[in-house]
Amino acid sequence: MVYAAQVDTVNEGRSTANFHFDRFILQRGERRLLADGQPVPLESRAFDLLSVLIDRAGQLVTKDELLERVWPNRVVEDANLHVHVSALRKALGPDSIATVAGHGYRFALHAERVDGEIPRPAVLGSNLPRPLTSFVGREDDLALLAGRLQSTRLLTLIGMGGCGKTRLAIKLAERVSASFPDGLRFVDLASVTDPRHVALAVATSIGVREEADKPIEATLCSRLADKQILLVLDNCEHLVEACAAIAGSILGTAAGPRVLVTSREALAIAGESVVRVRSLALPSADPDQDTRSLIAIEAVCLFVERARQVAPEFDLNEGNAAAVAEICRRLDGIPLALELAAARVKLLSVEQILGKLDDRFRLLTGGPRSISRHQTLLATLQSSYEYLTPDEQQCLLRLSLFASGWTLEAATAIGGYDEEIQVVELLGRLIDKSLVLVDRTVAHGPRYSMLETVRHYAQDRLHAAGAGDDVRERHVAHFLEFARKAQANLFGESMRQWLERIDIELPNLLAAHAWCDRARDGTNQGLDLAVNLRTYWLARGLFVYGQRVYAEALARKSSDSRAMLRGRALYALGQHNYVLGRLHESLDPTLEALSIAREHADDELTVYCLDRISLAYGWLGQTKLALECCAEELAIATRTGDERLIGFALTARGGVCRVIGDFPAAVEAYEQALLLFEKAHDLHNLHNVLVNIARVSIARGALDRARETLAAAIRLVTEMGTLYRGHFALDATSRLAAAQDNWFAAARFQGASDAAVDKVGGVRTSFDDPILASLSSKPRAVLGSEAYDFAYERGRELSLEAALGEARVWLNEGQGDSHAPVRDNQG
């Protein structure tokens, strides 16, 4: 590299001349010395001394001549001359000025005269690594980051190890290279262990040599002062403070450079712009996703490309697409994990790889030689963990037991912390270190989570340390209390909000239920959890989950098989089967629950059990037993004075009266129950009684009342978010349409109702009286099988939400034109 020194002669009678020597430029006219284009601070007399010496470069200049030229017409001690010569040697190097003992000094560097324009210091160029594999995806991210680099001088890319920060930084640097005419310099700090060596590593990458008696930081900042250069500092997480110091020094003393950092946490200095590097885009869980569109998804594309590197014949096809998509989801779209998994295609099928992901840290240990042996998935997470403080490590391990994220309240409870503020501090640090994610868009406050790969690692360490059981006990206790609160709020106006909260926490609730197999009081806790989820299963139509939870909870050994908690769980199972239309299966557990309730003289549970039993008997044709049960139920409920229990009993009486054809008595009972549920703000049971009033109104020919109550029922399930229960209203709306001779609408609404039941594995039982039963069969008889099936199938194609919306419009407009589009479609 050629450096220049320019000297504008200021001595009388001399012309202006430019000189270069070593890496310096001396500008006599502007009275400044430049080193690599940066000004070197010199006192005025030292500058004049250098001007005289460089005019006579290579020649002896006596002390007397120097004193006369630098200090004309003044008497000056020789010591002043020695001081300024020493200053020049410090700036230019110890060999720049030679001493001729007893005579004077000689400028010892080779200096050349430069005429015309001063040459620009040489460009530093680029030392960016050239990866051996292709860069996949992130085009939108690159465009965003390139724009961000235009408005910030320090951009930090943060994310967990293996998420692709380095590759993204290299690609970004390449993309913006035209904006940095002085070059791109990449500094890999992964192997630097001493914070004191960070500045030296940066200086070495730029070609700056350490100077005697001058901090390397000062030399580096001086060299970069007017350089339009992008400095990429890679792998800074273990040297955050040192990297923050050198980046701050460079940017604080120079306007030209910009710094791009990759780290697992931010540098946290003024002016820093932080961007969290996301995982690659993942395929949806839709099993019917088109294979051709799957390859365009970032995670899948990366997996396929890397798989083809080790197995060129590998192809994404209908046979393996589902397994590849699931691998990508299970590995959270982490590029390193996907590359390591793809490397296994050389030996295993994708189905085999998927089957071994529960042991991912042993599976994903080897890969192409382009992946360092230190870049195994396990090593990456171990290094992240080792940089944590002991309290951060403990918090991370405890949080790993959450199955689907957590709230601040939950973290405090299962972590065993006394105050939430402790958790706030720890969560903040784990988020900063890219091990915990935060979602601020959740309706009920911030929600925190981990990538599944991080969670697996932390869980393994937690169990290896023997600390998992205590944390799980606290996990069960917290979510059991949550379920109790939720159940208490699943009837009133806050029902929708609590259903949504349970939706979010369902994986945690199921994990708590599973741990009850081993928990200290697992049998009772499991039964309690099952009991307090019963309304949720019914509201959401999650009957498969409910059936499993009840079966497992009731199968655990108990020291007291006649405990009230077991009785409540048996009732919940019986209610579950009744709503599914499995009347015979509902009776046995409910009758056992009734027996337990009577032993404990528990009026509330007794009323609940008699309610289901009377209705089941009624629809099974055992009307005498049904009437006896509902009479006893009403007597007990009345004795308690609890208006909500009385509403239950009246609803059961209305149902039994409807079975035996006593419609006036049924209407009277239902209308009384309606008033009680409205008074109690029990929206859940209000919906049930509205649909029942509609049914008996249709049977009596009171179609306006039926239309009114069905519209109200559909409005209620929509507002509550309990759409599944809307299929009851759709079924009744089908009967109303038939009663109005609107056969196409009747078939369409019946199709939508049946589809909703089939989706959750229920039994299509409408609990119809003879009149409604005839209205159910009449549309097919009138239309004929072909026309009926066409309208019915169009109804089945509707989503439940769309079907309820269509029914609501139809009900509010009377007959309206709902049948018209069906007829048009029929042609």
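Why is the sulfur of Cys301 too far from the closest cysteine sulfur for a bond?

**Entry one: cysteines.** I am working with a predicted model, and I began by looking up Cys301, whose closest cysteine sulfur belongs to Cys328 and lies 10 Å away. Because a disulfide needs two cysteine sulfur atoms within 2.5 Å, that separation is too far for a bond. I then looked up Cys609, which is likewise in no disulfide, since the nearest cysteine sulfur, in Cys629, is 11 Å away. When I searched the whole structure, the count of disulfides came to 0. I also checked whether Cys609 is buried or exposed, and with a relative accessibility of 0% this residue counts as buried.

**Entry two: nonpolar cores.** I next looked up the largest nonpolar core, which holds 217 residues and in which Phe303 and Trp406 have the most contacts. I followed Trp406 further and, leaving aside residues up to four places away in sequence, I found that it touches Leu399, Ala411, Leu427, Val436, Arg447, Tyr448, Ser449 and Met450. There is also a second, separate core of 31 residues, and among its members I noted Leu239, Val240, Ile250 and Leu251.

**Entry three: a pair of helices.** I reminded myself that two packed helices are described by the angle and the distance between their axes. For helix H6, residues 198–206, and helix H7, residues 216–224, the axes come within 9 Å and cross at roughly 40°, so I wrote the two down as oblique to each other. Their crossing is left-handed. On the H6 side the contact involves Ala199, Leu200, Val202, Ala203 and Ile206, while H7 contributes Ile216, Glu217, Leu220, Arg223 and Leu224.

Methods. Residues numbered from 1 in each chain as written. Predicted model: local features only at pLDDT ≥ 70, side-chain atom pairs only at ≥ 80, totals over all residues. Heavy atoms only, no water. Buried < 20%, exposed > 50% of the residue type's maximum accessible area, 1.4 Å probe, protein only. Core = buried A, V, L, I, M, F, W, Y, C linked by side-chain atoms within 4.5 Å. Contact = heavy atoms within 4.5 Å. Axes fitted to C-alpha atoms, helices over the stretch in contact; angles between N-to-C directions. Helix = DSSP H or I, 4+ residues; strand = E, 2+ residues; numbered from the N terminus. Parallel < 35°, antiparallel > 145°, perpendicular 65-115°, else oblique. Left-handed = near helix turned anticlockwise from the far one by under 90°.
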